[in-house]
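I opened the notebook to record what I looked up, one entry per topic.

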Amino acid sequence: MKLPVYAKVDLTSKAWETFHISEEYFKKYIGGKCLAARLLLDLTEKGIDPLSPEATVIINTSPLNGTASPSSSRFNMTFKNVLTGGIASSNSGGQFGVMMKRAGFDGLIITGKAEKPTMLEIVDGTVTFKSAEDLWGMDTEETQQKLPKAYGKIVIGTAGENLVRYASAASGERMSGRCGTGAVFGSKNLKAIIAFGKTQPEVAHPEKFKKFVKKWITFIKNHPMTGDSLPKYGSAGIVNKANASYALPTHNFKYGHFEKADATSGETLAETRLVKNNGCVSCPIRCERRVMMEGKEVKGPEYETLGLLGANIDSDDLDMVLKINYMADDLGMDTISLASTIAFAMELKERGIADFGVEFGKTDNLPEIVTKIAHREGIYSDLANGTKWLSEKYSGAGFAMHVKGLEIASYEPRRSVGMGLGYATSNRGGCHLNGGYLALLESVGVLSIDPQNPGAKAQLSVFMQDALEAVSSSGSCLFSAQTFVPAILFKMGPNHPVTRFIGKVAVHVGGVVNLLLKATNLICFNSLFLLPHAESLHLVTGLKMKTGDFIDLGERSFNLERMYNIREGLTTKDDTLPERLLRTRQDTNDTSTVVPLDKMLPVYYKTRGWDEKGVPTEKKLKKLGII
Amino acid sequence: MNVTVKYRGELKDFTKLSEETLSAATISDVLNHIKITYGKDALKTAKRMVIAVNGKSILLLKNEKTTLSDRDIVTFLPICGGG
């Protein structure tokens, strides 16, 4: 068994050394965000500033990266979250992860601060420190154009250099967007990392793996979600469905429905701007939209960007969404946090609290404002600090749409209360994916598990959080897991009596899900219909990995991240939502249109095996092998 | 009731129209129109889509029994995913 090899890099002293992952850690934590959370807990001291030289960023891969396993090009970055002070994990497509592995390293552990702008070059098992002074000041597209074409790259733009707290890092056109990755790079004077190599990853059972991959790809291509709707519309296709379910954040999450939402929908994008679709390395889904923006072919926006730069700022200006999406990627900023911060500033203006020149429905000055934010120019430096910071300076905490400091994604949880619980408990803050993404099963997918009923939402959230955590830790894209929604439901549709019946009874399955979570050893098989990633991991590593083990891996990862947050001072008080979502009805005539978090959170803690303060019990941590 | 029906996604492959105006009192009437005019396969496709009245899913209304008013807009939308 080949164990992962990392490079431990100190930017201050310009030194690096090989760092070996033990067999125990590999078997227990596998790779990606799970292993990285363990390492971050082990290797860093409590209470450090996320933008200080002492801060550590772990960039790592998983056993599936670089193999033919479908949708397996995602690499992970774990670090202290710039916006929340808790843990951050941010994963991204692009070439970098695969190339770093081919160059001889499964991961990098980076600390320190370079004296001058620096680039790391990873080739043939060696790390070289290079000057990046000539690249400093360039944005992500130009920076990458200056670097060797065949290399995998991670770079930052102006926003990262200026420590915008939600700055991102780019790998090709793919972004490691959330939690301030780019700011961490910028604080270390780390402009870029490039990697090149030709070493192929080892596969324990190559023939069986080859056959399995073929079967899995066929399964993905035949599933209505991954074989039809995602290639046709990408995630952008969610806009109209979310709007029809009143789950599309509108006017800074004041409402859940926008009359003009169709103008920024996936269907309109496909009909009027789409050039073609595209995909990441090894991905058969090909969800990326290639669109025309001011005569240039660029990467199209995802659902989150369309929702938060459309309905949430009362805009039907699709061309402006495309432009800001492109600008944000080029300057290196997370579109979710950027758009949500702008929406908050619009509400500050509407309430007469502060004026940053932004107004709901007005988009013509946004390109100028976004540029000023990236450069931290004048008052716009305030907007570069994110929603929570702004609300602390100017007031407005009740309508500052973040959790723990990270801006909430584009799902209105008052019409998807399980998603509300997910946001509140997500380890990295207001993230739908780390939160378990129940919105897909409640309001924006084919199934509608009674969106305003808290029944079973705690147990389903735990299950989904653990499952998605495991998929991420395997190095796979979460979209590859969406085949677990049975294809038959798509054939029947959301209005079919059977689909509606499942939606009604599912709120009563909490006990069953709880039992399943407690007895994952009973899921001692692998199936394409559940989480095929488990079988793929088994065939690549040779380790025993049944679906139950895979869910356990996710649970281990989620608990590790929770332990990091607790160490850094986050408490149950941080497992909450903005007042607007908890107290103000979305529909004034419907008492159920708030998030009943107080009903769900205690059940969630109990299901997780945590105490009433949300702290994992010793028994739970021992069971997971964390202590 | 004269309502406007908008066809998106794969349903447009059957109707060859983006929208049309027709007389219908309920969503069932609209589905019946699709069956008679465009055939059983079109109906099957229509039934598995998101159906919205003035932008609101019929799941939040009365499903196929949802009643329609003059100048209502009925939209058929594809089911998508992602996140």
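At what angle do helix H7 (residues 206-222) of chain A and helix H23 (residues 533-541) of chain A pack, and how far apart are their axes? Before answering I note that this is a predicted model.

**Entry on H7(A) and H23(A).** I found that H7(A) and H23(A) pack at an angle of about 155°, with their axes 9 Å apart. Because angles over 145 degrees count as roughly antiparallel, I wrote down H7(A) as roughly antiparallel to H23(A), and I noted that their crossing is left-handed. I then looked up the residues that meet there, which are A:Lys208, A:Phe209 and A:Phe212 in H7(A) and A:Glu535, A:Ser536, A:Leu539 and A:Val540 in H23(A). Sorted by class, this contact of H7(A) with H23(A) has four nonpolar, one polar and two charged residues.

**Entry on the domains of chain A.** I next looked up how chain A is divided, and the assignment gives domain 1 (5-196), domain 2 (212-395) and domain 3 (413-623). For domain 1 and domain 3 of chain A, I noted C-alpha centres that lie 28 Å apart, and a contact that takes 35 residues from domain 1 of chain A and 28 residues from domain 3 of chain A. On the side of domain 1 of chain A that touches domain 3 of chain A, helix H1 (23-29), H2 and E5 of chain A each supply at least two residues, and H2(A) gives the most, with seven residues. By class, I recorded 13 nonpolar, 16 polar and six charged residues for that side of domain 1 of chain A.

**Entry on H2(A) and H24(A).** I followed H2(A) further and found that helix H2 (residues 32-43) of chain A packs with helix H24 (residues 547-567) of chain A at an angle of about 30°, with their axes 9 Å apart. H2(A) and H24(A) are therefore roughly parallel to each other, and their crossing is left-handed. The residues of H2(A) that make the contact include A:Ala37, A:Leu40 and A:Leu41, and those of H24(A) include A:Leu553, A:Leu560 and A:Tyr564. I counted the classes as eight nonpolar, one polar and four charged residues in the contact of H2(A) with H24(A).

**Entry on the sheet in chain A.** I looked up the strand order and found six strands that form an open sheet, E2-E1-E6-E3-E4-E5 (chain A), with mixed pairing. Strand E2 (15-20) and strand E5 (87-92) of chain A stand at the edges with a single partner strand each, so one side of each has no neighbour in the sheet. The twist from one strand to the next averages 20°. Within this chain I also noted that strand E3 (residues 57-60) of chain A and strand E6 (residues 107-111) of chain A pair in the antiparallel sense over four bridges, and that A:Val57 has A:Ile110 as its bridge partner in E6(A).

**Entry on chain B.** I found an open sheet of five strands with mixed pairing here, in the order E2-E1-E5-E3-E4 (chain B). Where chain B touches chain A, 23 residues of chain B are in contact with 36 residues of chain A. Strand E3 (50-53) and strand E4 (56-57) of chain B are the elements that give two or more residues to that side of chain B, and E3(B) gives the most, with three residues. I recorded the residues of that side of chain B as 11 nonpolar, seven polar and five charged.

Key. Residues are numbered from 1 along each chain as its sequence is written. Chains are lettered from A and ligands numbered from 1 in the order in which they are written. This is a predicted model: local features need pLDDT of at least 70, side-chain atom pairs count only at pLDDT 80 or more; totals for chains, interfaces and linings use all residues. Axes are lines fitted to C-alpha atoms, for helices over the stretch in contact, and angles run from 0 to 180 degrees between N-to-C directions. Angles under 35 degrees count as roughly parallel, over 145 as roughly antiparallel, 65 to 115 as roughly perpendicular and the rest as oblique. A crossing is left-handed if the near helix is turned anticlockwise from the far one by less than a right angle, and right-handed if clockwise. Two residues are in contact if their C-beta atoms, placed from the backbone, lie within 7 Å. Ala, Val, Leu, Ile, Met, Phe, Trp, Tyr, Cys and Pro count as nonpolar, Asp, Glu, Lys and Arg as charged, and the others, Gly among them, as polar. Two strands pair if DSSP finds at least two bridges between them. Domain bounds come from an automatic or database domain assignment.
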